[in-house]
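Reader: Please take one part of this model and go through its side-chain contacts closely. I would like the contacts set out with their distances, angles and exposure.

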Amino acid sequence: MAGKPKPITCKSFLIEPDGRVVPFDELTPERRKEYAEHAGNQMAKTLQNFWSQHPNEL
């Protein structure tokens with residue numbers, strides 16, 4: 001392979017509850033904030049469930 005390799009790019013999408021697929025960079029600031037809060041809450045629940053089931057892993 002000759003020359004410089006092409007840079008890798010990626011694009012994130014959010015699947016809305018109504019099924020629409022929206023590019024993450026097209027979300028409104030309000031929707032992005034809602035998503036961040038929801039994602040944070042989901043992560044907290046998941047971690048809480050894990051630690052309650054695996055206390056010896058702390």
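Author: Tyr35 is partly exposed, because its relative accessibility is 31%. The model is a predicted one. Tyr35 sits in helix α1. Its ring partner is Phe24, in the loop between β2 and α1. The two residues are 11 apart, so this pair links distant parts of the chain. The ring centres of Phe24 and Tyr35 are 5.4 Å apart. Their planes stand at 75 degrees, so the pair is edge-to-face. The cut-off for that label is over 60 degrees. Phe24 is partly exposed too, with a relative accessible area of 23%.

The count of aromatic pairs comes to two. The other one joins Phe50 and Trp51. Here the ring centres lie 5.0 Å apart. The planes are at 75 degrees, so this pair is edge-to-face as well. Phe50 has 34% relative accessibility and counts as partly exposed. Trp51 is partly exposed at 33%.

Phe50 and Trp51 also belong to a nonpolar surface patch. Met43, Leu47 and Leu58 complete the patch. Its area is about 530 Å². Leu58 is found in the segment after α1, a helix that spans 29–53. Leu58 is exposed, with a relative accessible area of 76%. Patch members need over 30% relative accessible area. Phe50 at 34% meets that cut-off. Trp51 at 33% meets it too.

Now the charged side chains. Which residue does Glu16 meet in a salt bridge? The partner is Arg31, and the closest N and O atoms are 2.8 Å apart. Glu16 lies in the loop between β1 and β2, while Arg31 is in helix α1, so the salt bridge ties together parts that are 15 residues apart in sequence. Is Glu16 buried or exposed? At 9% relative accessibility, Glu16 counts as buried. The cut-off for buried is under 20%. Arg31 is partly exposed, at 22%.

Arg31 has a further partner. Its side chain meets that of Glu34 in a salt bridge, at 3.4 Å from N to O. Both residues are in helix α1, three residues apart, so about one helical turn separates them. Glu34 is partly exposed at 45% relative accessibility. Shared partners join Glu16, Arg31 and Glu34 into one salt-bridge network.

The structure holds four salt bridges. One of them pairs Asp25 with Lys11. The closest N and O atoms of that pair are 3.8 Å apart. A salt bridge needs the nitrogen within 4 Å of the oxygen, so 3.8 Å qualifies. Asp25 lies in the loop between β2 (21–23) and α1. Lys11 lies in the segment before β1 (13–15). The pair therefore ties together parts that are 14 residues apart in sequence. Asp25 counts as exposed, at 54% relative accessibility. Lys11 is partly exposed, with a relative accessible area of 48%.

Taken by element, the contacts read as follows. The loop between β2 and α1 holds Phe24, the ring partner of Tyr35. That loop also holds Asp25, the partner of Lys11. Helix α1 holds Tyr35. Helix α1 also holds Arg31 and Glu34. Through Arg31, the helix is tied to Glu16 in the loop between β1 and β2.

Note on methods:
Residues are numbered from 1 along each chain as its sequence is written. This is a predicted model: local features need pLDDT of at least 70, side-chain atom pairs count only at pLDDT 80 or more; totals for chains, interfaces and linings use all residues. Side-chain values use heavy atoms; hydrogens and water are left out. Patches are made of residues with over 30% relative accessible area and no salt bridge: like charges are joined within 9 Å, nonpolar side chains (Val, Leu, Ile, Met, Phe, Trp, Tyr) within 5 Å. Accessible areas come from the Shrake-Rupley method with a 1.4 Å probe; for residues, only the protein chains shown count as cover. Helices (H or I, at least four residues) and strands (E, at least two) are DSSP runs, numbered from the N terminus. Buried means under 20% relative accessible area, exposed over 50%, partly exposed in between (1.4 Å probe, protein chains only). Rings of Phe, Tyr and Trp (its six-membered ring) pair if their centres lie within 6.5 Å; planes under 30 degrees apart count as stacked, over 60 as edge-to-face and the rest as tilted.
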